[in-house]
Number of protein chains: 2
Amino acid sequence: MFVFCRCAPPQSKSFSIKCGPNVHYKVTPPADRNAAPYPLTPNSVLTVTMDAVSETANDSKVPTVQYIQSPLCLKKSKHRKNAFGRKFYGIGSWKWGPNGHGAVLLVNCDSETTYKKTLDSEVDEINKVSDLQDMSKMILRTNGPAELPEGYKLTMHISQTTSENVRVFRPRTNLFLKDYIMVVGTDTLTEEVPYLGSKTELAFFVEGLRFPDKDFDGLVTINLSLLEPCGKGFPETPIFTDTVVFHVSPWIMTPNTLKPVEVYVCSTNDNYTFLKSIKNLVDKCGYKLKICHEYMNRGDRWIQDELEFGYIDSPHHQFPVVLDSPRDGDLQDFPYESILGPDFGYVTRHALNEEVSSLDSFGNLEVSPPVTVNGKSYPLGRIIIGVAATRGRNMTQVVQDFLWAQKVQEPIALYSDWLVVGHVDEFMTFVPAPDRKKFRLLLASPDAGYKVFKSLQNNGHGKAEMFPGLPEAISVNEILSDKKLQAENRYVQNCIDWNRDVLKKELGLDDEDIIDLPILFKVLEEKTGSRAVAYYPDMVNMIVLGNKLGVPKPFGPKVNGRCALETEVCSLLEPLGLKCTFIDDFAPYHKLLGEVHCGSNVLREPSPFKWWNLEL
Amino acid sequence: MFVFCRCAPPQSKSFSIKCGPNVHYKVTPPADRNAAPYPLTPNSVLTVTMDAVSETANDSKVPTVQYIQSPLCLKKSKHRKNAFGRKFYGIGSWKWGPNGHGAVLLVNCDSETTYKKTLDSEVDEINKVSDLQDMSKMILRTNGPAELPEGYKLTMHISQTTSENVRVFRPRTNLFLKDYIMVVGTDTLTEEVPYLGSKTELAFFVEGLRFPDKDFDGLVTINLSLLEPCGKGFPETPIFTDTVVFHVSPWIMTPNTLKPVEVYVCSTNDNYTFLKSIKNLVDKCGYKLKICHEYMNRGDRWIQDELEFGYIDSPHHQFPVVLDSPRDGDLQDFPYESILGPDFGYVTRHALNEEVSSLDSFGNLEVSPPVTVNGKSYPLGRIIIGVAATRGRNMTQVVQDFLWAQKVQEPIALYSDWLVVGHVDEFMTFVPAPDRKKFRLLLASPDAGYKVFKSLQNNGHGKAEMFPGLPEAISVNEILSDKKLQAENRYVQNCIDWNRDVLKKELGLDDEDIIDLPILFKVLEEKTGSRAVAYYPDMVNMIVLGNKLGVPKPFGPKVNGRCALETEVCSLLEPLGLKCTFIDDFAPYHKLLGEVHCGSNVLREPSPFKWWNLEL
């Protein structure tokens, strides 16, 4: 005869009974036999009778009682719930949204060491305690007897697929030092874990290994089972299994409307003045300037193109992650060698059996500010890339697959193959604004360009010179009478108009959300067809640092000593509280078919919006 | 001067104007210049003035007017909307659910020919007009001038990835015959399509090539652009693009609660009596029986294991599709050679660098009836497979990936590796019921088995013989005194209990939804560990044909001339309106470790629920 309450774990509320065929039992107070589990009351009594005496200890006739309060539970720490309004501890599934639930994991893609670097995720041991910060804590709470009965054991297990995406570590305390050993992960799908006694917590550390991609939805499942011995000759059987599901943080891009942290620019043997202008602007804004020196850039100044800054985010930790382009110009070592480090992650994609083209440069990869489109909200904005319209150059499939798989900034494909260089940043950018959607889309506009030149001519400035003082100098009248240039710009305007339509539709923009900057293009005949480049410095290819804009100096015709193009652009942007600084990039950038934006890069603060709160 | 209304396409409601820099225009009645597009009224007049006369026809100074009513639209036929309460025509996106939208596509995985078969999807031409039935019609509606202006053209285009998943055909009418040519598809990403004049419709036929899988979410995007010539030396530019998004139908399994169409069974040199019993049962039910003859099955009788029947569904067409297991026993040619045909599709997955195990047989692949779990509804049920608990044999990853990727019957993984054969159909099935959730889950239960034998003993039938008249005959008393058998069955009950917990949780079942059938197991010692098989014919491994069940004859002890096990099972199932026919499968199936279900297969009617109405 057992009095239950005495031997039951505290907080147990019910019980069920299992016994062999020769055993009979009676429960008091009487309970409906079909209503098991039975409620556990302070005076619950179980009376057991047997048809025959036991022959051996623990033989079939001894009832085993399973307390219904689950003996194990595998949960993420609870304390995070309040801070983020979400249950991060596991209930065996994962759900998006503010009412969603489920734990969050980072890809451990930074490097705790700065010397002889490797990605932490490529090493299956923990050499520095600081590395634990990049992992998610998973707590095993046990609430049972001081020791498990003989032969019982706890086992953690994952699937083959999951083992490519995650590793789990646990501390191992010796007499002298505390270290961490891998429990499950690459090549180890199942492993016993210690049972530390009645009411304890055992902390595990879960390390993400891969970003979401075409073949990985970002979800990772970890199981823990209590195994029961079934006597000699039988395998153990699981009698209780708990499961926790993590979602790996996607890689998230930062739009121009987020606060800058650091500005990156290359130093070359011909860009001293440009560098000084950028330094002045960045100093004035109060941000940090990082210069990539010539020994590293080897003359490759297109730091916008070699890499894109983003970040990964979890409730306990976040850090920036650089996406390294398969472009691989002479700057190719810079992201890994100079940016990867402690709490600065790195990820790249290599083209497979695909030609890498100029469209793989990340001047062709931008992101919009937050938008709402037909009632659907994109609080982290939407990624924007450029591709061919119907046939032509394209961004490599591996990079496109990666971008689409992140899901939280659903990409938009624009048409950029009409440009020689082929980057979306040659005809568009976003600037912050105090009103409407809190930003404006700036588009390069040959029509707006011709309007400025026409108006100069109409106001008697037809003889004013474009490119004043430069060998390229040419009068407003000459420009306006150039039929070939007109045809070229009509063509360019057509291309931009198509993109304008797509952007309006995909970002939910009105015409009032768009500002047309006066920029003319010219068309070059190339082997693979005619494609466009900016005729004078392409002002839309600017650097955006809060409300301060570093705009390529257009060298337009002067009216009353002031460049008419600068005047026009200032008159369009200053009402929004934006300050334009015109930067001379003519020789070291414009002539090489790039401008200020192509030659710089900005690391920005992460969005305050948490990706797991998206309704997907 | 133009009077708009006269030249505008009927139903046009607004217009916009584009013109070169030397052209000025005025609109009456006056409209806000910034509010383009302008409303088109019956008396709209556009006055155009130029700074210079045109030098050539169609030169830059001629305004082009784009009517805002889109000149092209790529839509799925509208008539389907009413029948299915969903917009199947394209708005460039796809959304699940009864309030969702977007077109639906079938994988053309059947074969129009029965002689020298190939899957239709493997041939990039249409040889039989009947094949068009398996494709989705896509209508191009044009509403414009009788002819496109010179140099303008229509182009259909898809991405590289999409070209692996879809082909588009269009009719080509000659003087003598009508045939169909591929427009876009494998190796052809972009192609001009004819413009047939003012208000016409051009039908395309869209053919799905691949089922959703780990690397393919089932969505397919097709674009159509109107290209504008931009003069000599310039590429054409898209001026209008319309997009339609299709979702490929997933492969859908049919639970036991759906109406049977045909029963499949193998004929072997030793199963004549069994075959006759099955034929009697099927005849009585009024279904068709298909016999797989020995020249085809080569002695392999496990027709449940070699294939699984499912179907694909679209608003215009649906047909069954057989999933061929990578098991590949001697029956391996049967699905392709004998089942694939007109309106009977075929799909398979081959293991890559993975060992195929007994768990890859489709006795280990079942599907539940419709369930609702914690408020989440699964109107097509949930797929059920068996895997190892922590380590051991598994279903191949390619098949698991395929099943999970179909999404509409989210799979549940049970633990089946404790069985020698390792199939979930050895311990569970579903039968229809008139009440509660409209079905019951039947589970094999050693506890229930011992209860029957104990009660026989208690009622004075201890000497009654199990397997009466067979060489294996053994008395109830002997069975009950076999300690080893008891230990083995406690082990088995543990294994089944773990699965019972998972099924209750994942299918939202109460104990009242489950019926325990009295079945004992025994454990065999194998090289790779001890595993279980049914001790007497495993009654849960039955064939379910409406309310008629073909149950393995258990050969239990006789009481008053009737098998006590049959009596018990009938008393459990008959109250639900189910009729049990006990079929002798002892020698040709049970002794070879399978039963009635393993040796049969049932093609069932598709669910009336439409998969695109799921809320995913």
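How many salt bridges does the rule find across the interface of chain B and chain A? The rule, a side-chain nitrogen of Lys or Arg within 4 Å of a carboxyl oxygen of Asp or Glu, finds zero there.

The model is predicted, with local features needing pLDDT of at least 70, side-chain atom pairs counting only at pLDDT 80 or more, and totals for chains, interfaces and linings using all residues. Residues are numbered from 1 along each chain as its sequence is written, chains are lettered from A and ligands numbered from 1 in the order in which they are written, and side-chain values use heavy atoms, without hydrogens and water.

**View 1. The interface of chain B and chain A.** Contact (heavy atoms within 4.5 Å) joins 49 residues of chain B to 49 residues of chain A. The buried area is about 4,300 Å², and carbon and sulfur atoms give 54% of this area; buried area is the accessible area (1.4 Å probe) that two parts lose on being put together, summed over both. Of the area that chain B buries against chain A, 13% comes from Phe234(B), Thr390(B) and Trp498(B), more than from any other three residues.

**View 2. The largest cavity, in chain B.** A cavity is a set of points on a 1 Å grid over the protein atoms alone where a 1.4 Å probe fits but cannot get out, and lining residues have an atom within 4 Å of a point. Points are joined across faces, edges and corners, and a volume is the space filled by probe spheres set on them. There are five cavities of 30 Å³ or more, and the largest has a volume of about 220 Å³. Its lining has 20 residues, with Asn256(B), Glu308(B), Glu366(B), His597(B) and Arg604(B) closest to the centre. The strand β40(B) gives the largest share of this lining, four residues; strands are DSSP runs of E with at least two residues, helices are runs of H or I with at least four, and both are numbered from the N terminus.

**View 3. The second largest cavity, in chain A.** This cavity holds about 180 Å³ of space. Among its 17 lining residues, Asn256(A), Glu366(A), His597(A), Val602(A) and Arg604(A) lie nearest the centre. Two or more lining residues come from each of β20 (307-313), β23 (365-367), β35 (543-545) and β40 (600-604) of chain A. The largest share, four residues, is from β40(A).

**View 4. A salt bridge within chain B.** The whole structure has 64 salt bridges over all chains. In one of them, the side chains of Arg436(B) and Asp510(B) meet at 3.2 Å, N to O. Arg436(B) lies in the loop between β28 and β29 (439-445) and Asp510(B) in the loop between α10 (483-507) and β32 (514-518) of chain B, so the pair ties together parts 74 residues apart in sequence.

Technical notes: 1 Å grid on protein atoms, 1.4 Å probe; cavity = no way out; pocket = protein on both sides within 12 Å on 5 of 7 lines; lining within 4 Å.
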